[in-house]
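Colleague: Before I rely on any of the labels attached to this structure, I would like to hear the reasoning behind them. Could we go through them one by one?

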Amino acid sequence: MDLLAKSSPNRIGDRRKRLIPLVSLIVIVVLVGLAASQGAIVMQRRVILALIYLVAVVGLYIFVGNSGVLSFASSAFMAIGAYTTAIVTMAPNMKSTFLPDLPAFLAIQHMPPLAGIMLGGFMAALIAAVIGAPLMRLSGISAGIATLSLMVIVYIVFGNWDSVTGGQRSLMGLVGYVKLPQATLFAIGAIVIAFIYQESRGALMLRASREDPVAAAASGIRITRHRWIAFVLSAFVTGIAGALFAHLQGTVRIESFYLSLTFLLLAMLIVGGSQSLAGAVMGALALSLLGEILRQLERGVPILQFDLKIPGGLGDIVMALCLLLILMFRPLGLAGGRELTFSRNRTSGDNG
Amino acid sequence: MNSVQIITDALSLGGIYALTALGIGLVFSVLRLANFAHAELVTVAGYALLIGVGLPLPLVLFMAAAASVLVAMATERLAFRPLRHVDQTTMLVSSFAVSILIQNIFVFFSGSRAKGVDILPALARQVSVLGADVSMVKLTTIAVCGATLVGLISFLRFTRLGLEMRAASQDFSMARNLGVRADRVILIAFALSGILAAVVGVLFVAEVGFVQPRLGLQLVIISFVGTVIGGLGNLTGAMVGGFLIGFIATLLQTFLPLELREFREAFLFGIVILILLVRPHGLFPARHLKERV
Amino acid sequence: MSDLLNVQNLSVRYGAIQAIENIDLTISEGQVVALIGPNGAGKSSLVNAIAGNVRGTSGDMTFLTSPLLGVKPEDRVRLGISLVPEGRHVFSGFSVLENLWLGATTRKDRVQARQEIEEFLELFPILGKRRDGLAGMLSGGEQQQLVIARALLAKPKLLMLDEPSLGLAPLVVDQVYDLIRDVRKRGISVLVVEQSTARCFEVADQVHVLNHGKISMSGTPAEMGDAARFEAAYFGVSGEIRT
């Protein structure tokens, strides 16, 4: 652990250097937001969605990237965030239509969207805190299966708890609060949270344990506790992503929060590179961009005098194919486990 | 529902899960790959039945088996072989990618809606067993699952190739140093998992009467859980885990109060989490779960 | 005697760690070669590179006339190279008989192989008595007999033994070395890796000392002189390096 206690003779310069990866990512997100603001409204919605995925992938990264333990629970935490904000922000008259059996103390709530979104994050964190406590002892495939089970449980419960979630029916009439500026700010917020966390002593210990759990445990690191902290924080950020998603769509359906979403988020993280924050951000943006290009191609893109068009449905096939090829040729992800430092010889403190 | 019906349900459902769990377990034991694309091996057998409607039954069954085996071997050669040296999580995610890829190919050619397939109308009747009405499909399922299990166990126990596969799953590097061909053993594991998936696909379609692109997905997720609670890397464990999941699911379906019955899968997966917390490496942990080099 | 194995300029590194560096090694047909050196000297890396389990970073290897570069471990067995790795690696959940059959994986002549298996079961009465028992239940010495027999069933031209006496009682080690002499009588070349010297000197035609990834001394046992004196010198050297 000497590495962590390393004190530099020039601390201020050192700190500034350490902030470069953070600042670069923020600049990228701001540029994406600014570029999108010049586009059409449909285009803007796509970029907002990409930024929301970015929040969710960064949330997933906080746990998976630092602990090295696989989690399938993303869509569960997103569902918790989405349903929480729906229940507390929907207008009471809407709720009496969609959720006639809602308990009275929830039925009368009519919070502003921002409060609902934050509450969504907190609810996800709360549930992660309770369920995560025993789960954090597991690693490897067992941990994966436990979080997969958690996802199935949330899906089944929310899909059948008619009085509170409306079961299989959609909840409608949420405020369309999330526009480009909000999405950009939340994306920056998620990146900042993840960065501050990964620079913390606890996260460094957790990453040390990822490299060598036996040695880390022997040197007195309480892996379980640090994993739990990462899990709860990860759930908070992911829950917020779910709430943002709800306030983008204006509706909430349980079908949105199952395997495909979890796969997509995991794929984004792995494609970007699960071992660095830059990887999480790049993966989310890259796969969103790829998806968008394929969507445009399916609709037909005029190039010179030709109309380049691929048959509908082929886009999804190509997407999966690209995903496979990236995994084959860049198994460590696009970022290769590094942060953005813009210098050739440094490979960031991430490998510590 | 009487006890004969409950036992029939539990055995047929458990048999389906056990065969699926074994298919997943076979590949895992030699490659350390948790192959989610196993779902599509089940689905492709279903689509082969759809294509073969009207042809003689033995031919249709052969087509189903051939389709699953070919797809299994193709995924190994084209996708998983180049990925052999990446870490487990990346392999797992690439198996999702393969799974989604094949699913979307089904959607592309056949649409996402369910299509009716009535392959074995003769099975759609009830017979009386010990005074209870039991569906013929379920009895057939039990018989076929039993026969397949016996076949698989005999192959693994009594043939040279089976011996090599078991050796590779216990200590891959040592097996290679004795001349066991890695590529061949892995390819055969995939082929076997394809056969198991085909059996499951045919039985499953016979029971539900339709195919759709995500036919195998839920089945494989539940069976995968069976593989893990049985003890990953241990084939006996996979089999027991599959049956156990089938039994628990049937018992929940039968004995949960009506208002909680729609939550049965939540209970099932809750029990799974409890089992994992008590036995993190499953009920029958593999003795020599070494990393493959 | 013609050359069986020819290793030229072989280096192996794992990331930043140089395991062996520029090793030259020749083994002739029918020869017993001993490789001795302290823990971490790179002995296992060398035999594993010859067996194909680790990839050489640079250098060449030929076996008879076949270049070994890029040849998979399972195909090297077919060329005639068998390794008995450190720690023996019996398939503990398998019966003694199944372990032996695994040794005959590469054999096409099954009838002949079955006969040889029966011969081994007679040669080692304890194995014969427990032919259907689990190999994991055998004692260390019995397991060592089993894995050597298993390796011989592949009809190797070169048998490599990585620390065969590790963890065995002296009396059992005697049996193992009797077995090595027996192997040699069958015309099979042997590369034996050990930490201690005395027994190697009894059987070896040629001895190489490996230190810090390099061969620091080579010669016949006679040239190396008295085993005990040599050992003192050798431990002196290794003691310095070991720290």
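Colleague: Why is Ser209(A) counted as buried?

Modeller: Bearing in mind that this is a predicted model, the relative accessibility of Ser209(A) comes to 3%, and since buried means under 20%, the residue counts as buried. Ser209(A) is found in helix H11 of chain A, which covers residues 201-211, and, leaving aside neighbours within four places in sequence, Ser209(A) is in contact with Ala216(A) and Ile223(A).

Colleague: What makes the approach of the Ser209(A) side chain to the backbone oxygen of Leu206(A) a polar contact?

Modeller: The side chain of Ser209(A) reaches that backbone oxygen of Leu206(A) at 2.6 Å, whereas the cut-off for a pair of N or O atoms is 3.5 Å, so the distance falls within the limit.

Colleague: Why is Thr147(A) called buried?

Modeller: The relative accessible area of Thr147(A) is 4%, which is to be set against the limit of 20%, and therefore Thr147(A) is buried. This residue lies in helix H8 of chain A, residues 140-160, where the side chain of Thr147(A) reaches the backbone oxygen of Gly144(A) at 2.9 Å. Leaving aside neighbours within four places in sequence, the contacts of Thr147(A) include Leu70(A), Phe72(A) and Phe231(A).

Colleague: Turning to the interface, what makes the meeting of Glu74(C) and Arg176(B) a salt bridge?

Modeller: The side chains of Glu74(C) and Arg176(B) meet at 2.7 Å, N to O, and because the rule asks for a side-chain nitrogen of Lys or Arg within 4 Å of a carboxyl oxygen of Asp or Glu, the pair qualifies as a salt bridge. Between chain C and chain B the count is 5 salt bridges, and the rule for polar contacts finds 11 residue pairs across this interface, both residues at pLDDT 80 or more. Helix H2 (73-79) and helix H3 (96-103) of chain C each supply at least two residues of the side that touches chain B, and H2(C) gives the most to that side, with 5 residues.

Colleague: How many residues take part in the contact, and what area is buried between chain C and chain B?

Modeller: Chain C contributes 26 residues and chain B contributes 22 residues, while the area buried between the two chains is about 2,200 Å², 50% of it from carbon and sulfur atoms. Glu74(C), Phe91(C) and Phe94(C) supply 25% of the area that chain C buries against chain B, more than any other three residues.

Terms used
Residues are numbered from 1 along each chain as its sequence is written. Chains are lettered from A and ligands numbered from 1 in the order in which they are written. This is a predicted model: local features need pLDDT of at least 70, side-chain atom pairs count only at pLDDT 80 or more; totals for chains, interfaces and linings use all residues. Side-chain values use heavy atoms; hydrogens and water are left out. Contact means heavy atoms within 4.5 Å. Buried area is the accessible area (1.4 Å probe) that two parts lose on being put together, summed over both. A polar contact is a pair of N or O atoms within 3.5 Å; within protein, one must be able to donate a hydrogen and the other to accept it, and residues adjacent in sequence count only if both atoms are side-chain atoms. Helices (H or I, at least four residues) and strands (E, at least two) are DSSP runs, numbered from the N terminus. Buried means under 20% relative accessible area, exposed over 50%, partly exposed in between (1.4 Å probe, protein chains only).
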